[in-house]
Amino acid sequence: MPDVFDYFAQVELPTPTLGDEEVRRLFQEVFGVAVELEQLGSQQDQNFRVFVAGERAGERADENTPLGVLKLSNPVFSEAEIDMQDEAAAAVAAHDGALRIPRIVVGPRGPLSAWWQSSEGRIHARVIENIAGKTLTGSGYLAPAVVARMGELSARVSLALADYAHPASGRILQWNLEHAARVIETLLPTEPDAAVRAIVERAVRAALAQLEPVAAALPRQVGHFDITDDNILTPPGGRLPDAVIDFGDVCVSWRVGEIAVTVSSILHHDGADAFSALAAIRAFDMLRPLDDQEITALWPLVVLRGAVLVLSGRAQVRLDEENTYASTALDREFRILDVAASLPVEVVTAGIRRALRPGHGGPRAAQRSWNGAALIELPRPRVVLDAGTESALNDEGAWLRPDALDEAAHAELDAGAAVVVLPPWRAVLTGAPARTLSAPATVPTGVTLWLAEPVALPRRDGSVSTSDGTLTWTSGDETVTISGLPEGSTPDGLPARTRLFVQRFRTGGPIAPAFVPVSQAGAWRDICGDPAAALGLDSHTDTDGDGEDGTDGILATRHRVLAEVQEHYYAAPPRIERGWREYLADVDGRVYLDMVNNVASVGHAHPHVVEAATRQLHLLNTNSRFHYRIIAEYAQRLTETLPDELDTVFFVNSGSEATDLAIRLAMASTGRRDVVAMREAYHGWTFASDAVSTSIADNPNALQTRPDWVHTVAAANSYRGEHRGADAARYAPEAVAVIDALAADGHAPAAIICETYFGNAGGVALPDGYLDQVYAAVRRHGGLAIADEVQVGFGRLGEWFWGFQQQGVVPDVVAVAKSIGAGQPVGAVITRRDIADRYRTQGYFFSSTGGSPVSAAIGLAVLDLIQQNGLQENARVVGAHLKHRLETLGERHPLIGHVHGAGLYLGVEFVRDRVTLEPASAETAAICERLLELGIIMQPTGDHQNVLKIKPPLVITRESVDYFADALDRVLSTGW
Ligand code: PMP
């Protein structure tokens, strides 16, 4: 082996510190190029971005193409080592053509790589190609796809170097994880902060205990061993990294160290945790399968990497106070260790094993069977509680009250149960928090137990003790704890009518918290076993279609049996099975804030609606040709919300039907067939409603495929339409001209149809006076004005009950649906008696379930709630507060082009440039995905899908909209 670096012979490693002046001079002398420099950070070398002198046009680095990165290697590294780094980079580039790998830049006198005689001695200088793009430096958010790509890059480099060998590969670097224990041993005594020492020691002890038994069996190879967020790049405009730089740590080491290093660099990023890093490990394993020992070693190595980073980073800063690169990294490094050690290594390892080898987990529940008799003889009858999302226990918002569980248990005891049990390992909604930025701990790790009568504890082998209300029984490698006992309890019996919690552990093994998040539950169960078995109870596993390995069987069924065009939100949607107010709960007991659901206008599962529907279902539900009270009452009440002349109602089942019928009414009533529609609108999917819909977000070919009876006018969008700002006043006269021209051409329109407030664009108000002028023009030629109020009507705008009121006009036909039925199919067309009467001349109207008893009862209940509970006023007040919060965000986040809307119909429009208004469509999609992770349901709207459509249930509280605004701020600040 050549003479190579040995960290242990030279622990302190001051970086070279040549001045700019000298570097420029040496560059010119040796390489023959006059350059300008920009200092870059490095832990051990000195790095500069280099520009050919005079070619640096602007101030911003991204305005200029640099010659490359000048690396002045630390003088402790030998020529052989430097040679190996360059060769390894070239080997990876040759093996994997799709990876972008930097090469040595070639200058006028050949490759820019040489030894310089400097004021700090002999230093090796080389210029490495500048790779376009951005590193993932900083602690911003990494999307799951990016995390997975990081694992993939790590695997690809590992594969590319699998057979690479070099005489200098045995160099001993502090970063080589084979030496981590020794590095830590060397640095720990130099760490002055006792608290830091204690944290590191504890984490390292646990890591080494798991690593050491497998260390000798770990495969070794040459690797990059520094494929971190700092050393991979995303191409300009791209989302996924595809370049790997900095081969400075190349050496031979444990193969699994490659992914351990990559994973560690993920952990400090916003929102990351051990389990979110599994995406990277899974991606690595797909290309470069890990063997069982490697799986065992992986998380300990992540912890050790964290410990080395913390100790050496702090040592470097103490040594070299001016190394700002090292000092700004300290917090990040500490966070890596903190997150890596936040869960026991066994548990994360069990999680990794599950993720990589579903079905072949380690010490799974089944394998950790309970040997011997049950610890307690529980009497019968026993009742098993279900506190999950779909359980009736959680109806009417009871899940928000943690004591709902005790109440339910006591009710069962009162009804004759001897024992009530809440099984472990099944997600519980009762008591789950609403609004959490990450999935909360909803899975109990123990059996919750209530007894009707005291139960004696039989004598068993092993030791029993009680303290602080917890009884602990230990025998061999089994430990069982029973907590919740009254003060001063003895180990002889369990009390009646008390909530007890029974957990089971491996003696000396990790102790699970009472609840864990779903992502961790399987891993904890593998480690701890099933405590139900200790009590002689059946084990309960989830049987509702979601696989243990996280696969969603119900989603697969949906894909198999539903038409593909009947889409669902999100690529990997949570399975939502309950709603309450502005909340939605998935089957994992995660509660989301529903910011998108105008259909659930009065709040999910409103008891008044439930009661009205239930009562009516008990009474009668039939087609609308029968004579019953409620259809008349509902129709009457609907007309009372409208100007006097709109006095006649048709009931249908949807917005599509409502707009379709409105069009047919206009045609029948005028005897004409031409219709004018505003562009970029959506009115429905039925034949006629689709004909007047031209939103390209819904149908990319919309404009080219209109039937000849449809004529369009410009979308009167004053933000991004043809006319902007004050120029928006031109939309109305231009639309009038289109209408006049049609009439002049013998095609006077039957109607104009448009939303009265531009909902499909994200809640953009029409220009003042727009509808007044356009309606007048249509009427002048004998046509009708159709108002599509499906989205914006019914109190949502806060200030106005109906959208047309904002424009100070009265339409001839109003189409409404969605929110008026709170999710039940209820739609209505309301018009004048004379118009309705003329429909008879041409058509037949019968909608079996339109206005059915149940639909009418629900419609009435919804209207009652909106009118009697001040929901329109809530929309006005809470909506104004939210709009103000969002506008304030716009002052700090340039991506926010504008905040549209009124009341609780708001739109945040994202643009890449506030002048060109280039729509930030991909960003909007990614932001919605991240908002889901943060517990918010949000979707894009608009032709460019670059507007957040904010239309929550009208009952939403100020706290909830603040939560949304804060979360959006976080996403815009930390990335998506
Ligand atoms: N009109 C507008 C403005 C709409 O937004 C929609 C639905 N998005 C409809 C009509 C059609 O309503 P539905 O989905 O109930 O058929």
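# Exercises on a predicted protein model

The accessible surface of the protein, computed by the Shrake-Rupley method with a 1.4 Å probe and, for residues, with only the protein chains shown as cover, comes to about 39,000 Å², of which 51% belongs to carbon and sulfur atoms. This is a predicted model, in which local features need pLDDT of at least 70 and side-chain atom pairs count only at pLDDT 80 or more, while totals for chains, interfaces and linings use all residues. Residues are numbered from 1 along each chain as its sequence is written, and side-chain values use heavy atoms, with hydrogens and water left out.

## Exercise 1: the whole protein

Describe the extent of the protein, its secondary structure and its burial.

Solution. Begin with the C-alpha trace, which spans about 100 × 90 × 45 Å along its principal axes. Next, take the elements, which are DSSP runs numbered from the N terminus, with at least four residues of H or I for a helix and at least two of E for a strand; the protein has 26 helices and 38 strands. Then turn to burial, where buried means under 20% relative accessible area, exposed over 50% and partly exposed in between, with a 1.4 Å probe and protein chains only: of the 976 residues, 57% are buried. Finally, consider contacts, meaning heavy atoms within 4.5 Å; of those with a separation of 6 or more, 74% are between residues 24 or more positions apart.

## Exercise 2: a sheet of five strands

Work out the strand order of the open sheet that contains E1, find its edges and place helices H1 and H2.

Solution. Two strands count as paired if DSSP finds at least two bridges between them, and on this basis the order is E1-E2-E3-E7-E6, with antiparallel pairing. Strand E1 (35-40) and strand E6 (113-118) each have a single partner strand and stand at the edges, so one side of each is left without a neighbour in the sheet. From one strand to the next the twist averages 30°. Look now at the pair E1 and E2 (residues 46-52), which is antiparallel and joined by six bridges; here Leu40 stands opposite Asn47 in E2.

For the helices, angles run from 0 to 180 degrees between N-to-C directions, and axes are lines fitted to C-alpha atoms, for helices over the stretch in contact. Helix H1 (residues 20-31) lies across E1, E2, E3, E6 and E7, at about 130° to E6, whereas helix H2 (residues 79-95) lies across E6 and E7, at about 5° to E7.

## Exercise 3: a sheet of seven strands

Which strands stand at the edges of the open sheet with mixed pairing?

Solution. The order of this sheet is E13-E14-E16-E22-E20-E19-E18. Strand E13 (382-384) and strand E18 (463-467) are the edge strands, each with a single partner, so one side of each is left without a neighbour in the sheet. Neighbouring strands are turned by 20° against each other on average, direction ignored. Within the sheet, E20 (residues 478-483) and E22 (residues 500-506) pair in the antiparallel sense over six bridges, with Gln503 in E22 as the bridge partner of Thr481.

## Exercise 4: strand E38

Are the residues on the two faces of strand E38 buried or exposed?

Solution. In E38 (residues 947-950), Val947 and Lys949 on one side and Leu948 and Ile950 on the other are all buried. Strand E35 (residues 905-910) pairs with E38 in the antiparallel sense over four bridges, and Gly907 has Lys949 as its bridge partner. In the hairpin of E37 and E38, five residues lie between the strands, and Gly942 takes a positive phi near 90°.
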